[in-house]
Amino acid sequence: MKMHRNLIQLLALLILLFTLISAGCRKAASENVQANEPDAKADPNIIELSPDSARYAQFVETEVVEQLLTVPLRVTGRVVVNEERTVHVGALFEGRVEKVLVQLGDRVRQGQVLALMHTHEVHDARADNDKAHAELDMKNSQLAFAKSAYERAQRLYRAKAIAYREVEEAENALKAAEQEARRATAELERTVANLEHLGLNEKSGTYDDSVSITAPISGVIMSRDLTPGAAATPGTPAFTISNLASLWVVAEVGERYLASIKRGATVTIEVAAFPDTTFTGKVVRIGDQLSPQTRTVEVRCLVENQAGRLKPEMYATVNLNLGETAMAQMVSEQAVQEIDGQSVVFVSTGNHRFEKREVTTGRKQNGLVEITKGVEAGQKVVAQGSFLLKSEFLKSRFAEEE
């Protein structure tokens, strides 16, 4: 009986030892599996580089600083053509349009032929010119005869063959012939000028020559009102040409700010088509009348547009410097990158680790950009080398997606 109890106690002890050993093995195996699995909770915004990679990249860090920022008055505006460099071309003569050689939006040079017209003015001008030539030839012949007659009368008078009265009559006839020749010459010059006004050559051409409508300036065809076969009269609108190398931006400014705006003041202009670019202009005119509906006045700004990026009728934001300032958090523009349409910076956390931080940017000044959200003053972010970190981040993200 005693032996039986000892066997039962021994068996219970063995079962307890087996249970403890099994539990220990399971825990060790679980810890081993977790050690070999990747860290599912790793921050995807952290980029860690090896010491060699960081040294090779030669990162330059910059600090987020607080400083005074000029606060401009931001008003809406509209890009329009510069009327001082815009011309409206019309038909100079009554006639019929034969050809239109340009299209809306074409760039043309000064003197380029825009359209051809058939007009009776050509027939009349050619006829007047031919008549003037014939008249001058006749008057020159009469002048030559009168001159010869005067010289003959002088010889006869010296030979006492005629009276002096006949010499005077010959002289008066010569003067009359000279006057008629001068009148005929002036008439011929008038007809030549008329041909030139029509754009025709006196020495060549026919009665059926076409009249050209030409561009008085170089620029862009902004409107085209002629079509082949259409009748045209003097004053009929034909083309509008504008030189877009400079444009006007018309802004609407509230009356409370008028005392602070001066002609010649520099402004910066932004358009949606180029969000990362600002255009510089200057105030050239301040309107004399307020809009009764909006209580604003028109401020006209001149902006150079040699590159042709600004287009008439674009909406714009005009920044007027009124001398107001405010404290703002600023960082080098070089530090700001864009990923998936969001502005980001890379904050240095030490040991070659960098955190991608989404930020909200604001105004720009002297190579710095305002950060309104995402980082705080005193934090260090990567300036030189930020594009390399952006590339590393995108590369690691693509690797994870694969």
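These legends describe close-up views of a predicted model.

**View 1. The largest pocket and its lining.**
The largest pocket has a volume of about 810 Å³. Its lining consists of 28 residues, and Glu-270, Thr-278, Gly-362, Arg-363 and Lys-364 lie nearest the centre of the pocket. Two or more lining residues come from each of β3 (65-70), β14 (266-271), β19 (337-339) and β22 (360-365). Sorted by class, the lining of the largest pocket holds 13 polar, eight nonpolar and seven charged residues.

**View 2. Strand β18 and its pairing with β3 and β23.**
Strand β18 covers residues 325-332 and runs antiparallel to β3, with six bridges joining the two. Within this pairing, Thr-70 has Thr-325 of β18 as its bridge partner. Strand β18 is also joined to β23 (residues 368-373), again in the antiparallel sense, by three bridges. Here Val-331 stands opposite Val-369 of β23. Strand β3 also appears in View 1, among the elements that give two or more residues to the lining of the largest pocket.

**View 3. An open sheet of four strands.**
The strands of this open sheet follow the order β9-β8-β6-β11, and their pairing is antiparallel. Strands β9 (211-214) and β11 (231-232) form the edges; each has a single partner strand, so one side of each is left without a neighbour in the sheet. For β11, the pairing with β6 (residues 95-100) is antiparallel and spans two bridges. One residue pair to look for is Gly-95, whose bridge partner in β11 is Ala-232. In general, strands of a sheet pair through backbone hydrogen bonds, in either a parallel or an antiparallel arrangement.

**View 4. Asn-129 in helix α3.**
Asn-129 belongs to helix α3, which covers residues 120-158. The relative accessible area of Asn-129 is 4%, and because buried means under 20%, Asn-129 is buried. A polar contact of 3.3 Å links the side chain of Asn-129 with the side chain of Glu-202. Not counting residues up to four places away in sequence, Asn-129 touches Glu-202 as well as Leu-188, Thr-191, Val-192 and Leu-195.

**View 5. Ser-386 in helix α5.**
Helix α5 covers residues 386-401, and Ser-386 lies in this helix. Ser-386 has a relative accessibility of 1% and therefore counts as buried. The side chain of Ser-386 reaches the backbone oxygen of Ala-383 at 3.1 Å. With neighbours within four places in sequence left aside, the residues in contact with Ser-386 are Gln-334, Ala-335, Gln-337 and Phe-346.

**View 6. Arg-295, a loop residue with positive phi.**
Arg-295 sits in the loop between β15 (279-286) and β16 (296-304). The phi angle of Arg-295 is near 55°, a positive value in a residue other than glycine. The relative accessibility of Arg-295 is 41%, so Arg-295 counts as partly exposed.

**View 7. Asp-340, in the loop between β19 and β20.**
The loop that holds Asp-340 lies between β19 and β20 (342-350). Phi of Asp-340 is near 55°, which is positive although the residue is not glycine. Asp-340 counts as exposed because its relative accessibility is 64%, and the cut-off for exposed is over 50%. Strand β19, on one side of this loop, is among the elements that give two or more residues to the lining of the largest pocket shown in View 1.

Technical notes:
Residues numbered from 1 in each chain as written. Predicted model: local features only at pLDDT ≥ 70, side-chain atom pairs only at ≥ 80, totals over all residues. Heavy atoms only, no water. 1 Å grid on protein atoms, 1.4 Å probe; cavity = no way out; pocket = protein on both sides within 12 Å on 5 of 7 lines; lining within 4 Å. Points joined across faces, edges and corners; volume = space filled by probe spheres on them. Nonpolar A, V, L, I, M, F, W, Y, C, P; charged D, E, K, R; others polar. Buried < 20%, exposed > 50% of the residue type's maximum accessible area, 1.4 Å probe, protein only. Polar contact = N/O pair within 3.5 Å; in protein donor to acceptor, adjacent residues only side chain to side chain. Contact = heavy atoms within 4.5 Å. Pairing = 2+ DSSP bridges.
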